[in-house]
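Here are my notes on the model, as numbered points. Please read them with the structure open.

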Amino acid sequence: MKLCRLFLQLFLGLILLPGLARPDPDPLQDYCIADTKSPLYLNGAPCLNPTLALSSHFTTSALAKPGDTKANQFGFSVTLTTLANLPGINTMGLTMARVDIAANGLVPPHSHPRASEVTICLQGVILVGFVDTSNRLFTQKLEPGDSFVFPRGLIHFLYNLEPKKPALAISGLSSQNPGAQIASRAAFVSNPPIPEVVLEKAFQISPQDVAKIRKNLGG
């Protein structure tokens with residue numbers, strides 16, 4: 001009897017888990033153009049009156065211009081579609097991103113807690129990869145036209161193999177607000193900082209190493 005109850009609990013858990021793990025809820029109408037001027041703070045944004053909808057709410061040129069890859073020490077820039085530049089994306093459960101990577105630049109290991117990601121290389125040669133929860137690395141060299149999928153929440157990276165030319169990729173993410181957390185910055189330049197002793201033990205490094213890494217990352 002006890003074994004039957006355990007199987008029943010497992011069965012119910014497997015049935016309910018997909019519903020609990022869905023990235024974004026489905027919209028209840030054709031569209032919900034973000035009312036970015038509303039004072040309300042919601043999970044998403046309030047809807048503009050549908051009678052005020054315009055074609056311009058569903059288009060953007062935000063991804064047309066290259067980003068500034070010199071703005072950080074890694075040599076990359078990510079430009080996202082947002083409610084501000086594409087209000088028609090509200091409640092659609094997706095985000096687009098332009099990824100510019102300087103020569104030998106790197107989008108460092110990071111994760112998106114609320115989204116899976118599909119990346120297509122448009123220019124250059126990009127080494128991409130992710131690590132699963134068993135610490136297995138999946139990696140691939142992308143050339144123009146090639147695509148790669150990063151599963152939701154897993155650590156992944158993009159590295160421009162070209163020593164003299166920039167690379168360009170476009171990504172689609174399965175959430176209106178995918179979130180992004182760079183692993184190295186989360187560990188070493190959090191606010192307030194993680195105690196040094198924790199970092200020393202976790203990474204098996206010295207106090208001097210902790211201080212050096214924090215300085216290199218701008219902490």
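Is Asn 135 buried or exposed? The answer is in point 1, and the other points go through the rest of the fold.

1. Asn 135. The model is predicted, and in it Asn 135 is exposed, because its relative accessibility is 66% and the class begins over 50%. Asn 135 sits in the loop between strand 5 and strand 6 (137-142). Its phi is positive, about 65°, although the residue is not a glycine. As background, most residues other than glycine have a negative phi, and most peptide bonds are trans.

2. Asn 104. A positive phi also appears at Asn 104, near 60°, and this residue is likewise not a glycine. Asn 104 belongs to the loop between strand 2 (95-101) and strand 3. With a relative accessible area of 40%, Asn 104 is partly exposed.

3. The cis peptide bond. Asn 191 and Pro 192 are joined by a cis peptide bond, with omega about -5°. Pro 192 lies in the loop between helix 2 (183-188) and helix 3.

4. Overall layout. The protein contains four helices and ten strands. Read from the N terminus, the order is α-β-β-β-β-β-β-β-β-β-β-α-α-α, with one helix ahead of the strands and three after them. Of the 219 residues, 32% count as buried. Among contacts between residues at least 6 apart in sequence, 68% join residues at least 24 apart.

5. The five-stranded sheet. Which strands make up the open sheet, and in what order? Five strands form it in the order 1-2-9-4-7, with antiparallel pairing. Strand 1 and strand 7 (147-150) are the edge strands, each pairing on one side only. Neighbouring strands of this sheet are turned by 25° against each other on average, with direction ignored.

6. Strands 4 and 9. Within that order, strand 9 stands beside strand 4. Strand 4 (residues 117-123) and strand 9 (residues 167-173) run antiparallel and are joined by six bridges. One point of register for checking on screen is Glu 117, which stands opposite Leu 173 in strand 9. Cys 121 is buried, at 1% relative accessibility.

7. Strand 8 and its partners. Strand 8 (residues 155-160) runs antiparallel to strand 3 (residues 106-111), and three bridges join the two. In this pairing His 110 stands opposite His 156 in strand 8. Strand 8 also pairs with strand 5 (residues 126-131), again in the antiparallel sense, over six bridges. Here Gly 129 is the residue opposite Phe 157 in strand 8. In general, strands of a sheet pair through backbone hydrogen bonds, either parallel or antiparallel.

8. The disulfide. How many disulfides does a search of the whole structure find? The search finds one. It is formed by Cys 32 and Cys 47, whose sulfur atoms are 1.8 Å apart. The torsion about the S-S bond of Cys 32 and Cys 47 is about -105°, so the disulfide is left-handed. Both cysteines lie in the loop between helix 1 (2-20) and strand 1 (76-80), so the pair ties together parts that are 15 residues apart in sequence.

9. Exposure of the two bonded cysteines. Cys 32 is buried, because its relative accessible area is 2% and the class covers values under 20%. Cys 47, in contrast, is partly exposed, at 41% relative accessibility.

10. Helices 3 and 4. At what angle do helix 3 and helix 4 pack? Helix 3 (residues 196-203) and helix 4 (residues 207-216) pack at about 100°, with their axes 9 Å apart. That makes helix 3 roughly perpendicular to helix 4, because the class runs from 65 to 115 degrees. On the helix 3 side the contact is made by Glu 196, Leu 199 and Glu 200. These meet Pro 207, Val 210 and Arg 214 in helix 4. By class, the residues of this contact are three nonpolar, no polar and three charged.

Technical notes
Residues numbered from 1 in each chain as written. Predicted model: local features only at pLDDT ≥ 70, side-chain atom pairs only at ≥ 80, totals over all residues. Heavy atoms only, no water. Axes fitted to C-alpha atoms, helices over the stretch in contact; angles between N-to-C directions. Parallel < 35°, antiparallel > 145°, perpendicular 65-115°, else oblique. Contact = heavy atoms within 4.5 Å. Nonpolar A, V, L, I, M, F, W, Y, C, P; charged D, E, K, R; others polar. Pairing = 2+ DSSP bridges. Disulfide = S-S within 2.5 Å. Buried < 20%, exposed > 50% of the residue type's maximum accessible area, 1.4 Å probe, protein only.
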